[in-house]
Amino acid sequence: MSTAAAPVRTLRAGTVLADLLPSSRVRDVALVVGGAALTGLAAQLSVPVPGSPVPVSGQTFAALLAGTALGARRGFLALALYAVAGMAGVPWFAQGSSGYAMPSFGYVLGMLLAATVVGALARRGADRSVLRTAGTMVLGSAVVYAVGVPYLALATGMSLGQAVAAGLTPFLIGDALKAALAMGALPAAWKLVGRKG
């Protein structure tokens with residue numbers, strides 16, 4: 001009895017992990033809703049930071065992961081759905097909050113932009129190796145802070161230096177750990193489907 005070898009999957013340039021699923025509008029809608037839900041669930045893994053109105057949470061990691069796995073367009077739509085539903089009252093922002101009148105809402109807006117940026121980079125293969133994934137996650141985190149920290153300063157009346165101390169510095173170690181997790185997970189997923197970076 002002979003066994004035929006499994007066919008090697010050929011992927012076109014610009015493929016992200018979500019593109020490996022059979023293509024349909026239902027798939028795209030499910031991925032967008034799933035990306036929003038993943039971010040909302042991860043946001044509930046949050047810990048208050050003394051002296052800061054911004055908690056440490058899993059939502060940034062989930063937003064960057066969704067953007068990378070879904071690509072720029074679906075990543076943007078997933079985070080837009082997350083933001084709009086949260087503004088409309090779904091309690092799935094960090095610590096079960098909702099609305100837009102909170103000092104940390106700028107981070108949600110930053111995640112929307114970051115998911116788009118990392119999704120575009122993933123289409124160029126930025127999630128296929130450990131080093132490229134690390135760079136992608138660092139850039140995505142920087143985008144979140146570039147929007148979130150100034151918003152925090154405006155919303156609270158803090159100086160920019162105070163906002164950096166309250167809304168960026170306490171999170172750097174956690175971001176490094178999240179980047180390390182992504183550095184292992186994303187390239188491993190590509191190896192699993194037979195695509196090396």
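The crossing of helices α1 and α2 is right-handed. This holds in a predicted model, as does everything that follows. The axes of α1 and helix α2, which covers residues 59-70, come within 7 Å and cross at roughly 160°. Angles over 145 degrees count as roughly antiparallel, and α1 and α2 are therefore roughly antiparallel to each other. On the α1 side of the pair stand L31, G35, L38, T39, A42 and A43, and they meet Q59, A62, A63, A66 and L70 in α2. By class, this contact of α1 with α2 has eight nonpolar and three polar residues, and no charged ones.

The segment before α1, a helix spanning 25-43, holds L17. Is L17 buried or exposed? L17 has a relative accessible area of 16%; since buried means under 20%, L17 is buried. Its surroundings come from several parts of the chain. Leaving aside neighbours within four places in sequence, L17 is in contact with A69, D127, L186, A189 and W190. One of these partners, A189, is 172 residues from L17 in sequence, while the two C-alpha atoms are 8.1 Å apart in space.

Helix α2 also packs against α4. The axes of α2 and α4 come within 7 Å and cross at roughly 35°, and this crossing is right-handed. From α2 the contact takes Q59, T60, A63, L64, G67 and T68, and from α4 it takes M111, A114, A115, V118, G119 and A122. Seven of the residues in the contact of α2 with α4 are nonpolar, five are polar and none is charged. Q59 and A63 of α2 appear in this list and also among the α2 residues that α1 meets.

T60 gives a closer view of α2, the helix in which it is found. Its relative accessible area is 13%, so T60 is buried. Which residues does T60 touch, leaving aside its neighbours within four places in sequence? The contacts of T60 are M111, V144 and K178. M111 is one of the α4 residues named in the contact of α2 with α4.

Between α3, which runs over 72-87, and α4 there is a loop, and Q95 lies in it. Most residues other than glycine have a negative phi. Q95 is not a glycine, yet it has a positive phi of about 60°. With a relative accessible area of 46%, Q95 is partly exposed.

The next pair is α4 and α5. Their axes come within 7 Å and cross at roughly 155°, and α4 and α5 are therefore roughly antiparallel to each other. The crossing of α4 and α5 is right-handed. In α4 the contact is made by F105, G106, Y107, L109, G110, M111, L113, A114, V117, V118 and L121; in α5 it is made by T136, L139, G140, V143, V144, Y145, V147, G148, V149, Y151 and L152. These residues divide into 17 nonpolar and five polar, with no charged residue. M111 and V144, both contacts of T60, are among the residues through which α4 and α5 meet.

After α5 comes a loop that leads to α6, and M158 is placed in this loop between α5 and α6. M158 has 22% relative accessibility and therefore counts as partly exposed. Its contacts, leaving aside neighbours within four places in sequence, are P53, L152, A153, A163 and A166.

Helix α6 covers residues 160-167, and in it A163, A166 and G167 are buried. Where do these residues sit around the helix? They cover an arc of only 80° around the axis, which puts them on the same side of α6. What covers the buried residues of α6 includes α4, residues 105-122, and α5, residues 130-156. A163 and A166 are also contacts of M158.

G167, in helix α6, has 0% relative accessibility and so counts as buried. Leaving aside neighbours within four places in sequence, G167 is in contact with Y107, Y145, V149 and L152. Y107 belongs to the α4 side of the contact of α4 with α5, and Y145, V149 and L152 belong to the α5 side. G167 and S52 are 115 residues apart in sequence, but their C-alpha atoms are 6.6 Å apart in space.

Note on methods. Residues numbered from 1 in each chain as written. Predicted model: local features only at pLDDT ≥ 70, side-chain atom pairs only at ≥ 80, totals over all residues. Heavy atoms only, no water. Helix = DSSP H or I, 4+ residues; strand = E, 2+ residues; numbered from the N terminus. Buried < 20%, exposed > 50% of the residue type's maximum accessible area, 1.4 Å probe, protein only. Contact = heavy atoms within 4.5 Å. Axes fitted to C-alpha atoms, helices over the stretch in contact; angles between N-to-C directions. Parallel < 35°, antiparallel > 145°, perpendicular 65-115°, else oblique. Left-handed = near helix turned anticlockwise from the far one by under 90°. Nonpolar A, V, L, I, M, F, W, Y, C, P; charged D, E, K, R; others polar. Arc of directions from axis to C-beta.
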